[in-house]
Amino acid sequence: MTDLKKHFAVIGNPIHHSLSPQIHRAFAKETGLHIEYEAILSPLDEFKNTIHKLIAQKLHGTNVTLPFKKEAYELANQHSNHAKIAEAVNTLEFKDDQIIGHNTDGIGLVRDLEQNLNTQLKHKKILLIGAGGAAEGVIYSMLEKKPSELTLTNRTIEKSHVIQNKMDVHAKSFNVNLNVIEIARLPHQYFDLIINATSTSLNNTDLAINHKVFHKSSLAYDMMYGKETSFIKKAQSQDSKTSDGLGMLVEQAAEAFFIWHHIQPTTKSVIESLRSH
Ligand code: NDP
């Protein structure tokens, strides 16, 4: 009997923690699609082989997570605009012998902020902490929304300068003031939106940041999800609104689902269900 189900996977190392199978299966159920979606652990030096094996097995696409987003970018022979600018890929589409790379992290973050958390970015002052893959992957999507100012900061400040140099042309085209300030020199003034894109919450380390960047009208957003972080606690101590990154995770998955199936799933019930667990 022919298997009519389309097959997908998420690939990472480690991968046991991934919520992607649960999210994509929930989207498929809601939209009436029959899919298989599994989590695959790739050895650290075997990413390319793992992908080629999956293509030979007729998979239609994969999500890509830590630490393979850069390798996925290099492996793809076509790229979406967001993937090209971020030079990182979190969604691969296998179509007509082509490997097409997309990056849906920025779209996921912006949708979570604007649609789920009712926080518009236009004309806002934003502080983005971190200069790793997650930070770099979301900057273009934020610039597109035309905040008045996007300040980058990071423990290793040189990395923020590299990103600034790369993104400056886009910032100018959207008329956004893109600047870099060392963490220790952040002004004693609040930002409308403060995003923690460091892995400090993952490692339970404190992020040494001046509490004056938070305000009761600010939103403090930690990309980490699933635990109460010290970043969130610090923001709450200044009466800021707060959010974790679960909505971003679900929204980036919804965009990947749309790329593969051309159907936009609804996300609210999935976010609520994951949060209640
Ligand atoms: P990377 O390893 O690429 O980057 C880590 C970042 O954290 C760097 O900027 C690093 O600074 C900084 N950092 C690490 N330790 C410290 C410290 N002790 N003090 C200050 N800064 C520190 O990770 P990613 O960018 O891929 O991921 C970052 C976070 O985003 C993770 O928590 C991840 O779970 C989350 N994430 C969430 C997603 C979602 O959908 N919600 C999607 C993707 C990521 P330095 O450059 O100085 O080393």
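Helices here are DSSP runs of H or I with at least four residues, numbered from the N terminus. I start with that because my first stop lies just after one of them, H6. This is a predicted model, so I keep that in mind throughout.

**Entry 1, helix H6.** I looked at Lys146, just after H6, and found a positive phi of about 55 degrees. Then I checked burial along the helix itself, taking under 20% relative accessible area as buried. Nine of the 12 residues of H6 are buried, so the helix is largely enclosed by the rest of the structure. The buried ones are Ala135, Glu136, Gly137, Val138, Ile139, Tyr140, Ser141, Met142 and Leu143.

**Entry 2, the ligand's surroundings.** Next I turned to the ligand and counted 22 residues around it. I noted the closest: Ala134, Asn154, Arg155, Thr156 and Lys159. Sorted by class, the shell holds 10 nonpolar, 10 polar and two charged residues.

**Entry 3, polar contacts.** I went through pairs involving oxygen atoms of the ligand. A polar side-chain atom of Lys159 is 2.7 Å from a ligand oxygen, and one of Arg155 is 2.8 Å from a ligand oxygen. Gly133 takes part through its backbone, with a polar atom 3.1 Å from an oxygen of the ligand. I also looked up coverage: on its own the ligand has 930 Å² of accessible area, and the protein covers 81% of that.

**Entry 4, the pocket.** The space that the ligand takes up turns out to be the largest pocket. Helix H6 (133-144) and helix H9 (246-261) are the elements that give two or more residues to the shell, which brings me back nicely to where I began.

How values were computed
Residues are numbered from 1 along each chain as its sequence is written. This is a predicted model: local features need pLDDT of at least 70, side-chain atom pairs count only at pLDDT 80 or more; totals for chains, interfaces and linings use all residues. Side-chain values use heavy atoms; hydrogens and water are left out. A residue is near a molecule or strand if one of its heavy atoms lies within 4 Å of it. A polar contact is a pair of N or O atoms within 3.5 Å; within protein, one must be able to donate a hydrogen and the other to accept it, and residues adjacent in sequence count only if both atoms are side-chain atoms. Accessible areas come from the Shrake-Rupley method with a 1.4 Å probe; for residues, only the protein chains shown count as cover. On a 1 Å grid over the protein atoms alone, a cavity is a set of points where a 1.4 Å probe fits but cannot get out, and a pocket is an open set with protein on both sides within 12 Å along at least five of seven lines; lining residues have an atom within 4 Å of a point. A molecule sits in a cavity or pocket if more than half of its atoms lie within 2 Å of its grid points. Ala, Val, Leu, Ile, Met, Phe, Trp, Tyr, Cys and Pro count as nonpolar, Asp, Glu, Lys and Arg as charged, and the others, Gly among them, as polar. Buried means under 20% relative accessible area, exposed over 50%, partly exposed in between (1.4 Å probe, protein chains only).
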